[in-house]
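Subject: The structure I promised you

Hello,

Here is the structure I mentioned, with the sequence alongside. Have a look at it first, and then read on for what turned up.

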Amino acid sequence: MWGQLFCRRKHGGQTDDWWGNNRIEKVIDGVDASFWQVDTARVPNDFEFTVDLGEVRKMSAISYFPRQAVDMDGYWIEYSIMTSIDGVDFIIDVDHAKIAENERHFGRHYSYFEEPIEARYVKFFIHKGKGNIASCGEVDFYESYEIRN
């Protein structure tokens, strides 16, 4: 596990970070089969969670691994990623990225940075999830990456 994990609904309301046993900590537990999931039907479809990496790290890419379910409920349709050194001042690194319906699959989705970034805190905003649900199997952070054709 990388460090502490924080989760809350951006627009207030109940601050539960779990649905059954699918707690937020599961997005960084290193087990692809486990997942976090939250019902967004009663509040606007905008959830966020922040990963505290424990120290400043250099990153060239971040990946999102969706919950492995045939219905794809909770699949991130639109999301943003912000980073911070101190947990107070955040920079937008990925702004309202959209995963088109024909690009949705059960593998990892990568966000690559043109130049490596340094951050201790990584904040994920799920603006829209399929079925009014936000879920995630795993998020991973990469110091370097190689794009293969």
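Where does Ser-63 sit with respect to S8? Ser-63 stands opposite Asp-140 in that strand. In S6, Ser-63 has Tyr-110 as its bridge partner. That makes Ser-63 a handy place to start, with one partner in S6 and one residue facing it in S8.

Please keep in mind that this is a predicted model. The mean pLDDT of the chain is 78, and 78% of its residues reach 70 or more. Looking at the elements, strand S4 (residues 76-84) has the highest mean pLDDT, at 91, while strand S1 (residues 5-9) has the lowest, at 44. For residues 1-19 the pLDDT is below 50, although in the model this stretch has 55 contacts beyond near neighbours in sequence. I would read that part with caution.

Now the overall layout. The chain has eight strands and zero helices, so to speak an order of β-β-β-β-β-β-β-β from the N terminus on. Of its 149 residues, 49% count as buried. About 8,100 Å² of the chain is exposed, and carbon and sulfur atoms supply 46% of that area. Among contacts between residues at least 6 apart in sequence, 78% join residues at least 24 apart.

Strand S3 (residues 47-65) is the element I kept coming back to. S3 runs antiparallel to strand S6 (residues 109-129), and 13 bridges join the two. With strand S8 (residues 138-142), S3 pairs over five bridges, again in the antiparallel sense. S3 is also mostly covered, with 14 of its 19 residues buried.

Which strand gives the most to the largest nonpolar core? The core itself has 30 residues, and those that touch the most other members are Trp-36, Phe-49, Trp-76, Phe-124, Val-139 and Phe-141. At least two residues of this core come from each of S2 (36-39), S3, S4, S5 (91-98), S6, S7 (133-136) and S8. The largest share is from S3, which gives seven residues.

A few single residues also deserve a look:

- His-127 is found in strand S6. Its relative accessible area is 16%, so His-127 counts as buried. The side chain of His-127 makes a polar contact with the side chain of Ser-80, at 2.8 Å.
- Met-72 lies in the loop between S3 and S4. Met-72 is not a glycine, yet its phi is positive, at about 60 degrees. Is Met-72 buried or exposed? With a relative accessible area of 16%, Met-72 is buried, because the cut-off is under 20%.
- His-96 is found in strand S5. His-96 has a positive phi too, near 50 degrees, in a residue other than glycine. His-96 counts as partly exposed, because its relative accessibility of 37% falls between the 20% and 50% limits.

If you open the model, you could begin with S3 and its antiparallel pairings with S6 and S8, and then turn to the core, where S3 gives seven residues. After that, the polar contact between the side chains of His-127 and Ser-80 and the positive phi values of Met-72 and His-96 are good places to stop.

Best wishes

Notes:
Residues are numbered from 1 along each chain as its sequence is written. This is a predicted model: local features need pLDDT of at least 70, side-chain atom pairs count only at pLDDT 80 or more; totals for chains, interfaces and linings use all residues. Side-chain values use heavy atoms; hydrogens and water are left out. Buried means under 20% relative accessible area, exposed over 50%, partly exposed in between (1.4 Å probe, protein chains only). Helices (H or I, at least four residues) and strands (E, at least two) are DSSP runs, numbered from the N terminus. Two strands pair if DSSP finds at least two bridges between them. pLDDT is the predictor's confidence in each residue, from 0 to 100. Contact means heavy atoms within 4.5 Å. Accessible areas come from the Shrake-Rupley method with a 1.4 Å probe; for residues, only the protein chains shown count as cover. A nonpolar core is a set of buried Ala, Val, Leu, Ile, Met, Phe, Trp, Tyr and Cys residues joined through side-chain atoms within 4.5 Å. A polar contact is a pair of N or O atoms within 3.5 Å; within protein, one must be able to donate a hydrogen and the other to accept it, and residues adjacent in sequence count only if both atoms are side-chain atoms.
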